[in-house]
Each structure stands twice: as C-alpha cells, then as structure tokens.
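Let's take a friendly walk through one model, from its sheet to its cores and a few local details. Please have your viewer ready and follow along.

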Amino acid sequence: MAITTHISGFPRVGAKRELKFCVEKYWKGEASEQDVLSTSAQIRKINRDLQKSAGIDLVPVGDFSLYDHVLDTQVLVGAIPARFGFDAQNLSMKQYFELARGNKEQPALEMTKWVDTNYHYLVPEWHENTTFQAVSGSLKAQIQEAQADGFQVKPTIVGALSLLWLGKTKGGDFNRLNLLDKLLPVFVEILNEIKSLGVEWVQIDEPILALDLPSEWLSQFQKVYGELAKTGVKILLGTYFGSVAEHIDLINHLPVAGVHIDGVRAPEQIASFSGSLKEDKILSVGVIDGRNVWRANLRQAFDTLKPLADKLGDRLWVSASCSLLHSPQDLGVEEKLSADIKEWLAFGVQKLHEIGTLKTALNNGLDAVANEFAASDKAA
C-alpha cells in the first residue's frame, strides 16, 4: 500500500510577507514588474521545496496569486468586466491590479467572503452578454516551472459552476446558468491545454456542493463533468467547508476519478463515503484542519484514516481539509511566541509535516513516527 498525499493550496505571501511588501512597493512605484515576478517565482520555489521535504506527493499549481485566486480564474477564462476596457489576452500587471483596486475611471470588483471563511475574494460580474476565452498562459507557465524542477503537479482550478454561482448578475436580472454553455467549452479548452503538458490530475473545486443548491444547479454537474471528462484528464472533485454526503449518488455517477471531502468540518461524512463511493474512484480525506492554527491530534487522525487505508488501499489520499491558504505560513519564523504556546500550534509548514507524518504512519507503521506521535500526544 502506498498512500498519496496532496494539498489544494499553500499560503502565497511568503513566510515573512515578502510578496505583500513587494507588491505594495510596486503600487507605490518603488518596485518594478520584474521585481514582483522574481519575488513570486522565489516564493513558489520555496513553497514547492517545503512540500517536497514534508512528503507531499502532488504539488498544487494555480494556488499562487498576486492578489486573489478567484480573480485569477476570471482572468483564466477571459471573464474580465467590459467596463474596464481591457484586452483579456494581453492583460498587463498594472491592469490586473486595477481590477482588484480600481482606477480613476472604474471602481474595483466587489469583495465578499469566500463561503464562510474570513478570506475575501473578488466577485465576478456576470452580464447576459459576458463572453469567455481561454487565457491560460500564466497557468501553463507555472505548470512548466514546477515540472522543470522535477515536481509532479496537480493544478487546482475553481470549477465552472462554483465560479458562476459565486458571481453576481449585473445590468438586469437573468439566470447565471444561461452563461454555462459559453463558459464550459473554455474549461474544456483549458483542460486540453493542461493535458498537453503531461499533467495527469487536475483538482476542480466545487465548494458550492456543500451549500443548499437549487435542483437546477445540481442537475448541471453531470453535463459539466461529462464534457470535462472527454479531455482525458483525471479530475479530483474538490469539496470542503461542509458535508456533501447527500450527494454521494450524484458524485458516483459523475465521470470524475476521485473526490476530496472535508473530514474536519464534516467528519460524519467519512463513513458514508467509505461505504458508498464507487470502486473506480479515489477518496481524498482532509484530516488536517486548513482553517485554524492549532496542532493536529495525530493519533486521532490516524485512527480515522487507518480503517480507510485498510479498506481502500491505494485509493485513499490524505490531505488538509481545504487549502492551507487560510493558515499562517510558518510557525518557525514567529519570534514573539513563547515555546510553550508554540507547542500547541501548527501553521502551513507544520501542517504539511503533519500530513507527511500520517502518510509515513499508514505506509510504514506507527513505530516509524513514534517521536512525532509522542510530541503530538504531549501537546494534546
């Protein structure tokens, strides 16, 4: 048995807020575009290396952003509000930040909370005549960047249905689902481009599955994923922030290769998926909390995972509950916290190692990680 580990995202500002400071200098005219690009590349490399050292098998791509990953998805599918007058295919860095911050002619895109987190995303603006086009140069470049360093990547993209749901209609009342027939071919084109780079797995996040969705939205999942499956890319359907157990039958009939569930916010769904998920799908379980700063109880997490590993074998993947974007980056750089407090905490880097420790325990037995489990027991 070989357990696979992955995450859907990692903090992107840098352990010492390097990206934040560089971008702010750029806004003031004190740093160049090249400075921002160079700082970004350094942070991405550090993040990948941190994941490798912790034992993470599949490294996310597309989780890094200069401002907001939902804005990046809007750019990826060419859905830039026409009121700005920008060319989506040739969007400059200056224009990208104007979408986020506004300019003399136009106010910025609205911000609101990402589902029930304190993270604020830039809300897509949907008009009846909104058009879409694949603008995948940046994503492909980041994939190739990671591949050149020898990493096996898993791009992570906000799904088409969640993107439409989480946006707002403008210029009159109409059904956002009417845009799906224009948006879906663009997602197909993007997945085909990703596959051409030798990518095997793509995670498509649909957090809206954990919401109380109208039936007309639920009915579109089969259509969307039926089209995306034709690309030949293995799709991991990403869900989080709640249970999706009521949709097991729907998920079983989707042509996806696996599903990720949040085992922290909704641990009760683990048993449902363990007993009912079709045998042709992998089950990714998030047992490390991606939304808090507290150290995990490794023994409890192991006790949750061990029966799953015994039953599912290689079909079990281990992850954080959601993107680690919602955690601070590295406890190791925090100098003002006392040692006894630090013993209770785990930030992004430490959560990576918790995932890696659980993989070792499942693959090689508890004796292989006796010291790590003893420290976790003491902290608990």
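Contact here means heavy atoms within 4.5 Å. This is a predicted model, in which local features need pLDDT of at least 70 and side-chain atom pairs count only at pLDDT 80 or more, while totals for chains, interfaces and linings use all residues. Residues are numbered from 1 along each chain as its sequence is written, and side-chain values use heavy atoms, with hydrogens and water left out.

**The sheet**

Helices (H or I, at least four residues) and strands (E, at least two) are DSSP runs, numbered from the N terminus. Two strands pair if DSSP finds at least two bridges between them. In general, strands of a sheet pair through backbone hydrogen bonds, either parallel or antiparallel. Here, 8 strands form an open sheet with parallel pairing, in the order β1-β12-β11-β10-β9-β8-β6-β2. At its edges are β1 (4–5) and β2, each of which pairs on one side only.

Strand β9 (residues 234–238) is a good place to look inside the sheet. Strand β8 (residues 201–205) pairs with β9 in the parallel sense over 5 bridges, and 3 bridges join β9 to the parallel strand β10 (residues 258–262). Q203 stands opposite L236 in β9. L236 in turn stands opposite G258 in β10, and L237 stands opposite V259 in β10. How many of the residues of β9 are buried? The count is 4 of its 5, so the strand is mostly covered, where buried means under 20% relative accessible area, exposed over 50% and partly exposed in between (1.4 Å probe, protein chains only).

Now turn to L283, which lies in strand β11 (residues 282–288). At 1% relative accessibility, L283 is buried. Not counting residues up to four places away in sequence, L283 touches V259, I261, F273, S274, L277, L312, R315, L316 and W317. The C-alpha atoms of L283 and L362 are separated by 15 Å, with these positions 79 residues apart along the chain as the sequence separation.

**Nonpolar cores**

In soluble globular proteins, nonpolar side chains tend to be buried together. A nonpolar core is a set of buried Ala, Val, Leu, Ile, Met, Phe, Trp, Tyr and Cys residues joined through side-chain atoms within 4.5 Å. The largest one has 96 residues, and F221, Y225 and L228 touch the most other members. Helix α7 (residues 180–195) gives the most to this core, with 9 residues. Apart from it lies another core, of 22 residues, including F64, A88, F97 and V135. Leaving aside its neighbours within four places in sequence, F221 is in contact with L161, E206, I208, L209, L213, G226, L250 and L254.

**Helix α5**

Helix α5 (residues 137–148) has 12 residues and reaches 16 Å from its first C-alpha to its last. That is close to the 16 Å expected at 1.5 Å a residue, the expected span being 1.5 Å times one less than the number of residues. Which residues of α5 are buried? They are L139, Q142, I143 and A146. These residues cover an arc of only 100° around the axis, which puts them on the same side of α5; the arc is that of the directions from the helix axis to the C-beta atoms. Their cover includes α2 (33–54), β2 (59–61), α3 (69–76), β6 (153–158) and α7. Just after α5, G150 takes a positive phi of about 90°.

**Loop details**

Most residues other than glycine have a negative phi, and most peptide bonds are trans. The table shows two residues with positive phi.

| Residue | Loop | Phi | Relative accessible area |
|---|---|---|---|
| R17 | between β1 and α1 (18–27) | near 60° | 38%, partly exposed |
| V115 | between β3 and β4 | about 55° | 26%, partly exposed |

T117 is found in the loop between β3 (111–113) and β4 (120–122). Is T117 buried or exposed? At 3% relative accessibility, T117 counts as buried. A polar contact is a pair of N or O atoms within 3.5 Å; within protein, one must be able to donate a hydrogen and the other to accept it, and residues adjacent in sequence count only if both atoms are side-chain atoms. A polar atom of the T117 side chain lies 2.8 Å from the backbone oxygen of W114, and the T117 side chain reaches the backbone nitrogen of Y119 at 3.1 Å. Not counting residues up to four places away in sequence, T117 touches F241, R291 and H326.
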